[in-house]
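Me: I would like to go through a model with you before planning any bench work. Could you take my questions one at a time?

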Amino acid sequence: MTLLEWAGIVCVALLGAGALAAIYRIVRGPSILDRAIATDVLLIVISSALCVDMAVHHHTDHLVFVVVASVIGFVGSVTLSRFVTDAKKEPSEHA
């Protein structure tokens, strides 16, 4: 087993722990913003795991999935932040 394979195992283990922590935060909340951030973290963990797999096995088969997950995470975060800032405005500012 090469050093790169050992590093891949360590990375996957740490990413798995991060995924479990993100899933816990998605389930427990308490607010919608906590859940949204945890969802973004979970998308990043999944993308990172795919990148580790590509590095260890010397291929680029999952590159499209990494890019799509990144775009979905970005668009979701921007949309949610716009929604939250619009919801926090006072009614006099909408007139």
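The exchange below goes through the chain, its helices and several residues.

Reply: Certainly; please note that this is a predicted model, in which local features need pLDDT of at least 70, side-chain atom pairs count only at pLDDT 80 or more, and totals for chains, interfaces and linings use all residues. Residues are numbered from 1 along each chain as its sequence is written, and side-chain values use heavy atoms, with hydrogens and water left out.

Me: How many helices and strands are there in the chain?

Reply: The chain has 4 helices and 0 strands, and from the N terminus on its elements run α-α-α-α. Helices (H or I, at least four residues) and strands (E, at least two) are DSSP runs, numbered from the N terminus.

Me: What is the radius of gyration of the chain?

Reply: The chain has 18 Å, whereas a compact globule of 95 residues would have a radius of gyration near 12 Å. The radius is taken over C-alpha atoms, and the globule rule is 2.2 Å times the number of residues to the power 0.38. Along its principal axes, the C-alpha trace spans about 65 × 30 × 15 Å.

Me: And what share of the residues is buried?

Reply: Buried residues make up 18% of the 95 residues. Buried means under 20% relative accessible area, exposed over 50%, and partly exposed in between (1.4 Å probe, protein chains only). The accessible surface of the chain comes to about 6900 Å², and 74% of that belongs to carbon and sulfur atoms. Accessible areas come from the Shrake-Rupley method with a 1.4 Å probe; for residues, only the protein chains shown count as cover.

Me: Turning to α1, which of its residues are buried?

Reply: They are Gly8, Leu15, Ala19 and Ala22. What covers these buried residues includes α2. Helix α1 covers residues 3–28, has 26 residues and reaches 38 Å from its first C-alpha to its last, close to the 38 Å expected at 1.5 Å a residue. The expected span of a helix is 1.5 Å times one less than its number of residues.

Me: What follows α1?

Reply: Gly29 follows α1, with a positive phi near 80°. The peptide bond from Gly29 to Pro30 is cis, with omega near 10°. Pro30 is found in the loop between α1 and α2.

Me: Next, α2. Which residues are buried there?

Reply: The buried residues of α2 are Ala36, Ala38, Leu42, Val45, Ser47, Val52, Met54 and Val56. Helix α2 has 26 residues and reaches 38 Å from its first C-alpha to its last, close to the 38 Å expected at 1.5 Å a residue.

Me: Why does Ser47 count as buried?

Reply: Ser47 counts as buried because its relative accessibility is 9%. Ser47 lies in helix α2 (residues 32–57). Leaving aside its neighbours within four places in sequence, Ser47 is in contact (heavy atoms within 4.5 Å) with Val66 and Ala69. Ser47 and Leu4 are 43 residues apart in sequence and 18 Å apart in space, C-alpha to C-alpha.

Me: Is Leu33 in α2 buried or partly exposed?

Reply: Leu33 counts as partly exposed, at 35% relative accessibility. Neighbours within four places in sequence aside, Leu33 is in contact with Leu80 and Val84. Leu33 and Ser81 are 48 residues apart in sequence and 8.9 Å apart in space, C-alpha to C-alpha.

Me: Where does His58 lie?

Reply: His58 lies in the loop between α2 and α3. His58 has a positive phi of about 55° although it is not a glycine. His58 is exposed, with a relative accessible area of 66%.

Me: Finally, which residues form the nonpolar patch on the surface?

Reply: Leu63, Val67, Val71, Phe74, Val75 and Val78 form that patch, with about 540 Å² of accessible area together. Patches are made of residues with over 30% relative accessible area and no salt bridge (a side-chain nitrogen of Lys or Arg within 4 Å of a carboxyl oxygen of Asp or Glu); like charges are joined within 9 Å, and nonpolar side chains (Val, Leu, Ile, Met, Phe, Trp, Tyr) within 5 Å. One of these residues, Val71, is found in helix α3 (residues 63–88). Val71 is partly exposed, with a relative accessible area of 48%.
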